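Visitor: I would like to learn how to read a structure of this kind, one feature at a time. Could you take me through it, with the general idea before each case?

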Amino acid sequence: MKTDSTAETDKTSIQVIERMVALLDALAEQPDPVSLKDLAVATGLHPSTAHRILNDLVLKRFVDRSEPGSYRLGMRLLELGNIVKSRINVREAALDFMRGLHRKTNQTINLSVRQGDEIVYIDRSFSERSGMQVVRAIGGRAPLHLTSTGKLFLSVDDPKTVRAYATRTGLAGQTKNSITDLAKLERELSQVRALGYARDNEELELGVRCMAAGIRDDSGRLIAGLSISAPTDRLQEEWLDDLTNTAGQISSVLGYVSQS
């Protein structure tokens, strides 16, 4: 059982942490060094309290004192941020969001990455109730131009790279709907760039349609695709917002900040 003095100490410690975070947040909002006076105003702290906490943060390198009475965020935060980044992979970041999207749609949710001229399925959320047999297991591969996620990756390539891909692969098809013509593929990729998402209209497997949205890392690089696969007559347009929002949430976890 905590004594009154212990409880008071805990309360004081929490208050110090809250004030420390408030100061760090205030520094993060400004691109240039900030004066003690401005920090006190921004956080509502007494200048002497802010000064005392800032001194401790400077000692631990969470804050730099660029000149007397002026502060900015310190390199220790960058070091810790890089550690966090190195410990988060896209599969870990996506898993809970994929399950949530699957519960909402009751359809198969795929997470895929690019490897050369193919996408590789690295995770999936599905159930027997989806009414669709999962043909490609985790670890399975598919050509870029025949899949919604693959089109996302091709859409960020320059035209010369897309043409080289077409020459290398011959744009081989697998169904009557497969895109096997370079000009048609280029028009499709232009649409993907404009819309920000991609579709597969029974181009890989007859009876299956897909829609995909991109997942980006903290540098803005496209690193994965999140897609919904469903029987042709069950894919619903209203899922598109859920899909793009979910992909955006995963990107945020990975440190991506949208410029829009």
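**Reading the fold, feature by feature**

Guide: Let us begin with the chain as a whole: among contacts in the protein between residues at least 6 apart in sequence, 57% join residues at least 24 apart. The model is a predicted one, and the protein in it has nine helices and nine strands, with buried residues making up 40% of its 260 residues.

Visitor: How should I read the length of a helix, and what span should the 16 residues of helix H5 have?

Guide: The idea is to set an expected span beside the one in the model. At 1.5 Å a residue, H5, which runs over residues 90–105, should span 22 Å, and because its end C-alpha atoms are 22 Å apart, the two values agree. The helix nevertheless bends by about 30° at Asp96.

Visitor: Which residues of H5 are buried, and what covers them?

Guide: The general idea is that an α-helix has 3.6 residues a turn, so residues three or four places apart point the same way. In H5 the buried residues are Val90, Ala93, Ala94, Leu95, Met98, Leu101, His102 and Thr105. Their cover includes strands S4 (108–115), S5 (118–125), S8 (208–216) and S9 (222–231), together with helix H9 (239–253).

Visitor: What should I look for at the two ends of H5?

Guide: At the start of H5, a side-chain oxygen of Asn89 comes to within 3.1 Å of the backbone nitrogen of Arg91. After the helix comes Asn106, with a positive phi near 60°.

Visitor: Why would one remark on a positive phi, and where is Asn106 found?

Guide: Most residues other than glycine have a negative phi. Asn106 is not a glycine, yet its phi is positive, at about 60°, and it is found in the loop between H5 and S4. Leu171, also not a glycine, has a positive phi of about 50°, and its place is the loop between helix H7 (159–169) and helix H8.

Visitor: Are these two residues buried or exposed?

Guide: The cut-offs matter here, since buried means under 20% relative accessible area and exposed means over 50%, with partly exposed in between. Asn106 therefore counts as partly exposed, at 30% relative accessibility, whereas Leu171, at 3%, counts as buried.

Visitor: Which residues of helix H6 are buried?

Guide: Here one counts the covered residues of the helix, and for H6 eight of its eight residues are buried. They are Ser148, Thr149, Gly150, Lys151, Leu152, Phe153, Leu154 and Ser155.

Visitor: What do Thr149 and Leu154 touch?

Guide: For such a question one sets aside the neighbours within four places in sequence and asks what remains. Thr149 has a relative accessible area of 2% and is therefore buried, and it touches Ser112, Ile119, Ala212, Gly225, Leu226 and Ser227. Leu154 counts as buried because its relative accessibility is 0%, and its contacts are Arg114, Leu144, His145, Val162, Tyr165, Leu185, Leu189 and Arg193. For one of these partners, Leu189, the C-alpha atom lies 7.1 Å from that of Leu154, while the two residues are 35 apart in sequence.

Visitor: How many residues separate Thr246 and Leu101 along the chain, and which residues is Thr246 in contact with?

Guide: This is again a matter of setting separation in sequence beside separation in space. Thr246 is found in helix H9, and the C-alpha atoms of Thr246 and Leu101, although 145 residues apart along the chain, are separated by 7.3 Å. With its neighbours within four places in sequence left aside, Thr246 is in contact with Phe97, Leu101 and Leu226. Its relative accessible area is 8%, so Thr246 is buried, and its side chain reaches the backbone oxygen of Asp242 at 2.7 Å.

Visitor: How much space lies in the largest pocket, and which residues are closest to its centre?

Guide: A pocket may be read by its volume and then by its lining. The largest pocket holds about 390 Å³ of space, and of the 17 residues that line it, Gly196, Gly214, Arg216, Ser251 and Tyr256 are the closest to its centre. The elements giving two or more residues to this lining are helix H6 (148–155), helix H8 (182–195), S8 and H9, and H9 supplies the largest share, five residues.

Technical notes: Residues are numbered from 1 along each chain as its sequence is written. This is a predicted model: local features need pLDDT of at least 70, side-chain atom pairs count only at pLDDT 80 or more; totals for chains, interfaces and linings use all residues. Side-chain values use heavy atoms; hydrogens and water are left out. Helices (H or I, at least four residues) and strands (E, at least two) are DSSP runs, numbered from the N terminus. The expected span of a helix is 1.5 Å times one less than its number of residues. The bend at a residue is the angle between axes fitted to the seven residues ending there and the seven starting there. Buried means under 20% relative accessible area, exposed over 50%, partly exposed in between (1.4 Å probe, protein chains only). Contact means heavy atoms within 4.5 Å. A polar contact is a pair of N or O atoms within 3.5 Å; within protein, one must be able to donate a hydrogen and the other to accept it, and residues adjacent in sequence count only if both atoms are side-chain atoms. On a 1 Å grid over the protein atoms alone, a cavity is a set of points where a 1.4 Å probe fits but cannot get out, and a pocket is an open set with protein on both sides within 12 Å along at least five of seven lines; lining residues have an atom within 4 Å of a point. Grid points are joined across faces, edges and corners, and a volume is the space filled by probe spheres set on the points.
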